[in-house]
Amino acid sequence: MKAVQVTEPGEPFEVVDRDVPDPDPGEVRVVVEACGICHSDAFVKEGQWPGIDYPRVPGHEVAGRVDAVGDDVTEWTEGDRVGVGWHGGHCFTCDACRRGDFITCEHGAVTGISYDGGYAEYMTAPHEALARIPEELDAVDAAPLLCAGITTFNSLRNADARPGDLVAVQGVGGLGHLGIQYARAAGFETVAVSTSPDKEDLAYELGADHFLDASAVDPAEELRSMGGAKVILGTAPSTDAMESIAGGLGVDGTLLTIAVPGDELSVNVQPLVQERQSVGGWPSGTPRDSEDTLEFSALRDVTPRVETFSLDEAEAAYEAMLNGDVRFRSVLVP
Ligand SMILES: [Zn+2]
Ligand SMILES: [Zn+2]
């Protein structure tokens, strides 16, 4: 099979021929139909994640079909449409798993980091890492929903906001363009915030009720004048952007960060105390959360905007993602 691997961290991707992997007991083999490129793939490419065994095939936004089933797997059969996201499996026995909190498993696996991921024609994954893809969803559309989608959908649905509440989505990119659609579909008064004024039309197309051009106005002041945000979803990995908008929270508001900036975040504590505000984060979710994301996306027509690339074009696709040249997700189609 053809696969794209990181042979040495910091080096360009290498397109290689490999044997098609066989599923071990408890595993499933997936024919990859599409794999999104996520900013977190930089952990593999640049060697920023401890303990990765190289060469490693990245990719944790995988949509495909079950092609072979290992021993002891009961819930999947050949031909099932499945996705594999960031959460690549769990141990079932640690304290978190015993409480059913699989996403914080102490020995959790990450797809494309702990084992080879979806930048390839085939991959194997533990049976508990798979999510079912509804028939209505195209593989290319489903792929980005398995990380960018679940992270925005699952963080918003677990946030303390109700229909009608003011919810701001900071950043209109890979995560943000989905966040706007989910916020709208959830019934929130949705504010898109971007430093690129050219994203205004698109933000309204995606369902935003308001657009704030953070290069021209003070987004915090604007949000306060609208009553203050119940949730600000931080989707752009920029401390400057997050710090400049934190002051836009209202009473009981939460700055919910799902992107990870390289630097530490600094916020004014006074309103946190005075108005019971908070700063928090959210990990993506379990495979069943992925399935909820896919089902809701099919139900409410939440669709990622993507550009597709072949495996041979992985380097260009990755660079386009890093430089923000792609609208809005690069998806590899083997
Ligand atoms: Zn990701
Ligand atoms: Zn565990």
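**Warm-up.** How are the donor residues of the zinc ion (ligand 1) spaced in sequence? They follow C-x21-H-x86-C.

Before going on, a word on conventions. This is a predicted model, where local features need pLDDT of at least 70 and side-chain atom pairs count only at pLDDT 80 or more, while totals for chains, interfaces and linings use all residues. Residues are numbered from 1 along each chain as its sequence is written, chains are lettered from A and ligands numbered from 1 in the order in which they are written, and side-chain values use heavy atoms, with hydrogens and water left out.

**Exercise 1.** Find the protein donors of the zinc ion (ligand 1) and place them in the fold.

*Step 1.* Take as donors the N, O and S atoms within 2.8 Å of the metal (3.2 Å for Na, K and Ca); water is not among the atoms, so sites may look incomplete. Cys38 (SG), His60 (NE2) and Cys147 (SG) qualify, at 2.0 to 2.2 Å.

*Step 2.* Locate two of them, with helices (H or I, at least four residues) and strands (E, at least two) being DSSP runs numbered from the N terminus. Histidine 60 sits in the loop between α1 (42–45) and β4, and cysteine 147 in helix α3, so this pair ties together parts that are 87 residues apart in sequence.

*Step 3.* Check burial (buried is under 20% relative accessible area, exposed over 50%, partly exposed in between, with a 1.4 Å probe and protein chains only). Histidine 60 is buried at 2%, cysteine 38 at 7% and cysteine 147 at 8%.

**Exercise 2.** Describe the geometry around the zinc ion (ligand 2).

*Step 1.* Collect the donors: Cys91 (SG), Cys94 (SG), Cys97 (SG) and Cys105 (SG) coordinate the ion at 2.3 to 2.4 Å. Their spacing along the chain reads C-x2-C-x2-C-x7-C.

*Step 2.* Look at the angles. Four donors count as tetrahedral if all angles lie between 85 and 135 degrees. Here the four donor atoms subtend 103 to 119°, so the arrangement is tetrahedral. For reference, the ideal angle for four tetrahedral donors is 109.5 degrees.

*Step 3.* Add burial: cysteine 97 and cysteine 105 are both buried.

*Step 4.* Count disulfides, meaning pairs of cysteine sulfur atoms within 2.5 Å. The count is zero.

**Exercise 3.** Trace the pairing partners of strand β3 (residues 27–36).

*Step 1.* Apply the rule that two strands pair if DSSP finds at least two bridges between them.

*Step 2.* Go through the antiparallel neighbours. β3 shares seven bridges with β4 (residues 62–69), where cysteine 35 partners valine 62. Five bridges link β3 to β6 (residues 122–126), with glutamate 27 matched to proline 126. Two more bridges lead to β15 (residues 329–332), where glycine 36 stands opposite valine 331.

*Step 3.* Look at the cover: eight of the 10 residues in β3 are buried.

**Exercise 4.** Work out the order of the six-stranded open sheet and what packs on it.

*Step 1.* The order is β10-β9-β8-β11-β12-β13, with parallel pairing. At the edges, β10 (210–213) and β13 (278–281) each pair on one side only.

*Step 2.* Zoom in on one pair: five bridges join β11 (residues 229–234) to β12 (residues 249–257), and leucine 233 stands opposite leucine 256.

*Step 3.* Add helix α3 (residues 139–157), which packs on the sheet and touches β8 (166–170), β11 and β12, its direction making about 160° with that of β11. Contact here means heavy atoms within 4.5 Å, and axes are lines fitted to C-alpha atoms (for helices over the stretch in contact), with angles from 0 to 180 degrees between N-to-C directions.

Note on methods
Four donors count as tetrahedral if all angles lie between 85 and 135 degrees; four count as square planar and six as octahedral if opposite donors are over 155 degrees apart and all others between 65 and 115; anything else is irregular.
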